[in-house]
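This report looks at the surroundings of one serine and at the layout of one sheet. The sequence and structure come first.

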Amino acid sequence: MTDKTLGQLVIVATPLGNLGDLSPRALQLLASADAVFCEDTRHSRTLFSANNISPSGRLFALHEHNEAEQSGEVIARIARGETVVLISDAGTPGISDPGTRVVAAVAAAGQVVTTAPGPSAVIAALSVAGIDTERFVMEGFVPRKAGERLARYEEWAKEHRTIVFYESPQRLQATLTELAQHFANRQVCVARELTKLHEELIRGSVAEVAAIVAGREILGEIVVVLAGAGAAPPVDDEVVEACLRDRLNSGDSTKDAATYAAGLYGVSQRVAYELALAIRNTL
Ligand code: SAM
């Protein structure tokens with residue numbers, strides 16, 4: 001039941017791919033809201049039907065081209081005591097997605113804005129990259145124009161915080177090739193298809209990852225996490241070596257031990273394999 005005494009706007013995060021990532025509270029809000037504003041009603045109908053919820057005339061489009069007009073409609077509904085939910089196609093609304101303007105408008109009208117937080121590609125990628133997360137900067141999509149990209153790389157040369165950006169599968173190879181010209185030795189993690197069937201994390205130095213990705217067909221959705229200038233390596237060699245020794249002693253193959261340590265500590269697969277090989281020769 002919706003509380004009709006006090007209307008509100010609820011920013012609801014939805015799965016990046018794995019439908020199991022919809023929280024129980026998000027589900028309850030989608031089922032009970034008076035109105036659900038979404039980027040693309042067709043796309044969101046799929047989320048509703050996968051969760052056996054009927055949209056029953058409650059789905060309305062709110063995208064970058066109509067956000068200003070729809071803000072008025074959202075405010076009017078909240079004033080009538082409605083609970084209005086905002087979702088995007090995937091992840092958290094307002095994070096490189098529509099939402100900021102409507103939130104600002106609702107807040108300026110003195111109405112309640114709250115959230116049912118959850119998945120976001122930026123945070124998901126940072127959490128598995130194995131690269132310093134103490135301070136980071138989100139750069140959205142890398143500019144398409146070569147001059148603007150170069151200016152961005154010049155900024156990143158001085159950027160000490162971890163840098164996170166989105167990249168399209170078609171552009172990933174070219175961008176990594178360019179990054180290798182500027183930051184060959186920095187750690188990078190390409191996070192692809194997070195939470196989905198073909199989830200993949202490619203970690204290593206920029207030069208190594210550019211070489212791995214070159215000549216491969218890359219599909220799906222991608223976030224790139226790049227270490228900042230002067231970032232310390234994620235872990236000491238001794239820690240990785242101790243882990244490898246442990247795995248090898250427990251019967252892992254050289255490759256399996258290397259894959260395990262690379263995944264755990266964010267070092268490159270090649271470096272981990274070479275260390276594992278050296279340790280195996282001493283056992
Ligand atoms: N608001 C969304 C969020 O909080 O995650 C981000 C919207 S942004 C327009 C979409 C971009 O997020 C994609 O182009 C891709 O770079 C990234 N992305 C979304 N889902 C992803 C996934 N499952 N794995 C990796 N990147 C993903």
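## Serine environment and sheet layout

Leaving aside neighbours within four places in sequence, S88 is in contact with T14, E39, P93 and D97. The model behind this statement is predicted. S88 lies in the loop that runs between strand 4 (83-86) and helix 4 (100-108). Its relative accessibility is 2%, and S88 therefore counts as buried, since the cut-off for buried is under 20%.

The side chain of S88 has polar partners, listed below.

| Partner of the S88 side chain | Distance |
|---|---|
| Backbone oxygen of A90 | 3.2 Å |
| Side chain of D97 | 3.2 Å |

D97 thus appears twice in this description: it is among the residues in contact with S88, and its side chain makes a polar contact with the side chain of S88.

The second topic is an open sheet. Five strands make up this sheet, in the order 6-7-10-8-9, and their pairing is mixed. Strand 6 (136-141) and strand 9 (200-205) form the edges, each pairing on one side only. Direction ignored, neighbouring strands of the sheet are turned against each other by 15 degrees on average.

Within the sheet, strand 7 (residues 162-167) pairs with strand 10 (residues 222-226). The sense of this pairing is antiparallel, and five bridges are found over its course. Which residue of strand 10 stands opposite V164? That residue is V225.

Notes
Residues numbered from 1 in each chain as written. Predicted model: local features only at pLDDT ≥ 70, side-chain atom pairs only at ≥ 80, totals over all residues. Heavy atoms only, no water. Helix = DSSP H or I, 4+ residues; strand = E, 2+ residues; numbered from the N terminus. Buried < 20%, exposed > 50% of the residue type's maximum accessible area, 1.4 Å probe, protein only. Polar contact = N/O pair within 3.5 Å; in protein donor to acceptor, adjacent residues only side chain to side chain. Contact = heavy atoms within 4.5 Å. Pairing = 2+ DSSP bridges. Axes fitted to C-alpha atoms, helices over the stretch in contact; angles between N-to-C directions.
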